[in-house]
Amino acid sequence: MAKLVYGLMQSLDGYVDHMKLGPPAPAVGRHFLEEMRGLTGLLYGRRTYEIMRYWEEDLPDWDAEDRDFAVVWRSQPKWVMSHSLKSVGPNATLVAGDFEKMIRRLKAELAGEIHVGGPVLAQSLTEASLIDEYRLYLRPVVLGGGQPFFAGPRPPLHLVASDLIADDVIRLSYAPAQSRGSPGGLRSEIQTKTLPGEKTGSA
């Protein structure tokens with residue numbers, strides 16, 4: 001069975017504005033690149049997918065790491081949850097029907113990790129009790145406002161790991177503390193260890 005994981009880079013006060021946070025340091029970028037390589041696929045709402053389409057075509061000002069990330073991102077299967085989009089790009093599937101049923105089928109039929117992109121979609125999946133793990137990548141900055149990592153309340157969480165990734169970036173991994181059988185409807189828009197030195201793909 002596949003594991004649904006929601007993780008994003010964020011400020012110490014919990015905001016995920018990628019424009020204000022800026023790009024990660026090279027070592028952190030390499031960490032995200034290697035993590036992307038091992039995924040089973042990516043799950044997006046419309047807004048996050050449209051942001052991530054930045055990686056579909058090479059740009060002249062990209063460096064080698066940008067190009068490497070783009071190649072890996074393009075290779076990953078993507079499922080886009082949207083009632084408003086009419087089409088999606090290469091290696092992507094548009095899902096406009098019963099989101100919850102489709103995601104439960106993906107989890108049952110596939111193995112490995114499927115990453116969830118975007119707070120709004122993640123909140124909808126949380127309400128449907130579909131997220132298996134939350135990964136909070138904390139950067140040592142305070143933004144004072146913006147889009148929060150959690151778009152709404154959720155049941156209690158249990159800390160399962162805390163990792164120093166690189167360059168003062170800490171990853172806190174949480175799982176639901178208990179099973180909660182409240183299948184809230186999906187919205188349409190949707191061991192402490194030190195790792196060796198290692199661009200984030202989820203917004």
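Which residues does Arg139 touch, not counting residues up to four places away in sequence?

1. The model under review is a predicted one. In this model, Arg139 touches Met9, Gln10, Ser11, Leu12, Leu21, Gly22, Pro23, Pro24 and Val169, once residues up to four places away in sequence are left out of the count.

2. Arg139 belongs to the loop between S6 and strand S7 (157-166). Despite its place in a loop, the residue is buried, with a relative accessible area of 16%, and the cut-off that matters for this reading is that buried means under 20%. One of the residues that Arg139 touches, Leu21, also offers a polar partner, since the backbone oxygen of Leu21 lies 3.0 Å from a polar atom of the Arg139 side chain.

3. The aromatic residues deserve a separate point. A search of the whole structure returns 10 aromatic pairs. Among them is the pair of Tyr6 and Tyr134, which is edge-to-face, with 6.4 Å from centre to centre and 80° between the planes. Because Tyr6 lies in strand S1 (residues 3-10) and Tyr134 in strand S6 (residues 133-138), this pair ties together parts that are 128 residues apart in sequence. Tyr6 and Tyr134 are both buried.

4. The rings of Phe149 and Phe150 have their centres 4.8 Å apart and their planes at 85°, and the pair is therefore edge-to-face; the reasoning rests on the cut-off that planes over 60 degrees apart count as such. As for accessibility, Phe149 is buried, with a relative accessible area of 1%, whereas Phe150 is partly exposed, with a relative accessible area of 29%. Ring pairs link these two phenylalanines with Tyr6 and Tyr134 into a cluster.

5. Another ring, that of Trp73, has a charge over it: the charged end of Lys78 sits 4.3 Å from the centre of the Trp73 ring.

6. Helix H6 (residues 119-127) has eight of its nine residues buried, so the helix is largely enclosed by the rest of the structure. The buried residues of H6 are Pro119, Val120, Leu121, Ala122, Gln123, Ser124, Leu125 and Thr126. Just after H6, the backbone at Ser129 takes a positive phi of about 60°, a detail that a colleague inspecting the end of this helix may wish to view alongside the list of buried residues.

Technical notes
Residues numbered from 1 in each chain as written. Predicted model: local features only at pLDDT ≥ 70, side-chain atom pairs only at ≥ 80, totals over all residues. Heavy atoms only, no water. Buried < 20%, exposed > 50% of the residue type's maximum accessible area, 1.4 Å probe, protein only. Helix = DSSP H or I, 4+ residues; strand = E, 2+ residues; numbered from the N terminus. Phe/Tyr/Trp six-rings, centres within 6.5 Å; stacked < 30°, edge-to-face > 60°. Lys NZ or Arg CZ within 6 Å of the ring centre and 35° of its normal. Polar contact = N/O pair within 3.5 Å; in protein donor to acceptor, adjacent residues only side chain to side chain. Contact = heavy atoms within 4.5 Å.
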